[in-house]
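Colleague: I have some labels I want explained. Can you take me through how each one was reached?

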Amino acid sequence: MAKITLQGNTINTNADIPKTGIDAPEFTLVDSDLKNISLSTFNKKYKILNIVPSLDTPVCAKSTKIFNEKASSLSETVVLTISADLPFAMKRFCSSEKLNDVVPLSMMRSRNFAKDYGVLLVDGPLEGITARAVIVIDKNNKIIHSQLVQEITEEPNYDDALNCIT
C-alpha cells in the first residue's frame, strides 16, 4: 500500500506500483469502440501508461494533452491514457481536443488493471478509481520507468518518462 495525498489529505492505494526492471503485468481494458485491449496489443512498441483518475479534471486533461504533444514525435511509441471514465466520454474528450496520438482506455469492465498496477485508491473521496501515475514499458514489456505522483492534483514528471525511451 502506498500513501499519496489529495489536496494535502492522505489517501491510500491498494499496493505499490510496479518497479523498473520487472515484466509489466498483462491487462485488459476497453477502447473507444468497446473492444477489449490488452498489453500484447501493443507488442514491439514503447508504451507510456498515463494513468489518471478522470479526464474530466483539469490536471488529467492537461497531462493527456502534454503527452499527446510530446510523444507524437517518438517512433514506435504509443501513449495509453487509462482512467475509470466511460469509453464514450474519453473518445469525446480526445476528439474535441484533437488528440490523435493517445489511445484512451477505460477500466469500465474491471478494476483488475488498477489492482495489478497498485494504483487503485482504497479510501478517501476518490475511492475506487486510480491514483495518478506514469509507467513506461519497453518493446519487450519490461517496465523502464514508474512514477506514482505523490499529490494527486499535481502533474507527473513528463521529462523523466519521455527520456527513458531511446
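Modeller: Here are the labels, each set against its cut-off; the model is a predicted one.

Colleague: Why is serine 54 called buried?

Modeller: Its relative accessible area is 14%. Buried means under 20%, so serine 54 qualifies. Serine 54 lies in the loop between strand E5 (46-51) and helix H1 (58-71). Leaving out residues up to four places away in sequence, serine 54 touches Cys60, Ser83 and Asp85.

Colleague: What makes lysine 139 partly exposed?

Modeller: Lysine 139 has 27% relative accessibility. Partly exposed sits between under 20% and over 50%, so the label fits lysine 139. Its place is the loop between strand E8 (133-137) and strand E9 (143-148).

Colleague: How do you know that lysine 139 makes a polar contact with glutamate 76?

Modeller: The side chains of lysine 139 and glutamate 76 come to 2.3 Å. A polar contact needs N or O atoms within 3.5 Å, so this pair passes. Lysine 139 also touches Lys44, Lys45, Tyr46 and Lys47, among others.

Colleague: How far apart are the C-alpha atoms of lysine 139 and phenylalanine 42?

Modeller: They are separated by 8.4 Å, although the two residues are 97 apart along the chain.

Colleague: Which residues make the nonpolar surface patch, and why can leucine 34 count?

Modeller: Leu34, Leu86, Phe88 and Met108 make it, with about 350 Å². A patch residue needs over 30% relative accessible area. Leucine 34 has 34%, so it clears that cut-off and counts as partly exposed. Leucine 34 is in the loop between strand E3 (28-30) and strand E4 (36-38).

Technical notes. Residues are numbered from 1 along each chain as its sequence is written. This is a predicted model: local features need pLDDT of at least 70, side-chain atom pairs count only at pLDDT 80 or more; totals for chains, interfaces and linings use all residues. Side-chain values use heavy atoms; hydrogens and water are left out. Patches are made of residues with over 30% relative accessible area and no salt bridge: like charges are joined within 9 Å, nonpolar side chains (Val, Leu, Ile, Met, Phe, Trp, Tyr) within 5 Å. Accessible areas come from the Shrake-Rupley method with a 1.4 Å probe; for residues, only the protein chains shown count as cover. A salt bridge is a side-chain nitrogen of Lys or Arg within 4 Å of a carboxyl oxygen of Asp or Glu. Helices (H or I, at least four residues) and strands (E, at least two) are DSSP runs, numbered from the N terminus. Buried means under 20% relative accessible area, exposed over 50%, partly exposed in between (1.4 Å probe, protein chains only). Contact means heavy atoms within 4.5 Å. A polar contact is a pair of N or O atoms within 3.5 Å; within protein, one must be able to donate a hydrogen and the other to accept it, and residues adjacent in sequence count only if both atoms are side-chain atoms.
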